[in-house]
Each structure stands twice: as C-alpha cells, then as structure tokens.
Amino acid sequence: MSGVVKIKWPMNDNPYIDRKTSEHTFLREFAENVESHELVWHQDRKDRIVKVVEGTGWQIQFDNKFPQPLAVGESVFVPKNTYHRLHKGSSKLVVEINEFITPKKIYNTPDDYVKARNHRFDNMWSKPVRAKSKKNKPKSK
C-alpha cells in the first residue's frame with residue numbers, strides 16, 4: 001500500500017496494528033496468535049462502520065447481546081459509547097474502520113443557542129409556541 005501511514009499509539013500493549021488510509025479511515029489488523037484475554041470490552045469515542053476485509057471465525061459482541069459472526073465483505077455499525085468486544089477466530093483479522101464525527105450545531109450568539117434549545121423542548125412536549133399577532137384595535141375616545 002502506497003501512502004499508508006502507521007499510527008503510533010501511546011501504549012504498545014494493544015493487540016492490533018493500525019494503518020491510516022485517509023483522514024477518517026484506517027485498517028486494523030489483529031494477528032492470528034492474539035490472546036483471547038487481550039480482546040477486552042471497550043467503548044469507542046466516535047460512531048464507526050467496520051468492514052471485514054480478511055478473517056475467518058471472528059465474532060463481534062455488543063453489551064447484552066449474543067456474539068454475531070463477522071464475514072468478509074460485511075459491515076457492522078458500532079455506535080459511539082456502546083460496549084462491545086471481539087471473539088477470536090481461526091485466522092488473522094483485518095478490518096477497515098470508518099469513523100464519523102457527529103456534527104455540532106454552531107451558534108453565533110448565546111441568544112441563538114437559547115432560542116434553539118427552547119424550540120427543541122417546545123416541540124418535544126407541546127405544540128410549537130407561536131407569536132400572537134397584534135391586531136390594530138380602534139382607539140376609544
């Protein structure tokens with residue numbers, strides 16, 4: 001692979017090797033001889049789509065769910081802050097991971113934020129609040 005940059009992690013005890021392929025995409029490789037106890041429950045900080053490139057017999061398990069097999073060519077969505085783990089297969093595992101950054105709404109002034117927040121809550125629990133129109137009343141003399 002040309003142009004592939006290996007990501008160096010602060011801890012050297014990870015059971016995988018990452019190779020960055022683009023800004024939000026990287027290849028992760030688990031060796032065939034990885035120990036099962038190294039594949040721990042964890043959460044990711046970003047939403048991810050994991051596509052299996054190579055591997056036989058590997059499974060992914062989400063919290064309170066049964067393990068599901070990982071087949072070559074299939075993709076699995078892993079929501080951020082969701083506990084999950086891998087179960088070891090009979091060969092090495094190579095996956096392509098695409099991370100998604102949740103867009104944040106940008107407000108120009110604090111008042112914009114308050115209006116957006118109130119609008120969201122108004123829609124959640126009641127009908128939207130509408131400004132009453134002012135009708136011209138005849139002046140009494």
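**Nonpolar core, open sheet and Arg-48**

In this predicted model, the largest nonpolar core comprises 17 residues, and those with the most contacts inside it are Phe-30, Trp-58, Ile-60, Leu-70, Leu-86 and Leu-93. Two or more residues of this core come from each of strand 3 (25–30), strand 4 (47–54), strand 5, strand 7 (75–78) and strand 9 (93–100). The most is given by strand 9, which supplies 3 residues. With residues up to four places away in sequence left out, Phe-30 touches Pro-15, Tyr-16, Leu-39, Trp-58, Leu-86, Lys-92 and Leu-93.

An open sheet is formed by 3 strands in the order 6-5-8, with antiparallel pairing. Strand 6 (68–69) and strand 8 (84–87) are the edge strands, each pairing on one side only. The antiparallel pairing of strand 5 (residues 59–62) with strand 6 runs over 2 bridges. Within this part of the sheet, Gln-59 lies opposite Pro-69 of strand 6.

Arg-48 is located in strand 4, one of the elements that give two or more residues to the largest nonpolar core. Arg-48 counts as buried because its relative accessibility is 11%, under the 20% cut-off. A polar contact of 3.4 Å joins the side chain of Arg-48 to the side chain of Asp-44. Not counting residues up to four places away in sequence, the residues touched by Arg-48 are Phe-26, Arg-28, Val-76, Phe-77, Val-78, Ile-97, Asn-98, Glu-99 and Phe-100.

Note on methods. Residues numbered from 1 in each chain as written. Predicted model: local features only at pLDDT ≥ 70, side-chain atom pairs only at ≥ 80, totals over all residues. Heavy atoms only, no water. Pairing = 2+ DSSP bridges. Helix = DSSP H or I, 4+ residues; strand = E, 2+ residues; numbered from the N terminus. Core = buried A, V, L, I, M, F, W, Y, C linked by side-chain atoms within 4.5 Å. Buried < 20%, exposed > 50% of the residue type's maximum accessible area, 1.4 Å probe, protein only. Contact = heavy atoms within 4.5 Å. Polar contact = N/O pair within 3.5 Å; in protein donor to acceptor, adjacent residues only side chain to side chain.
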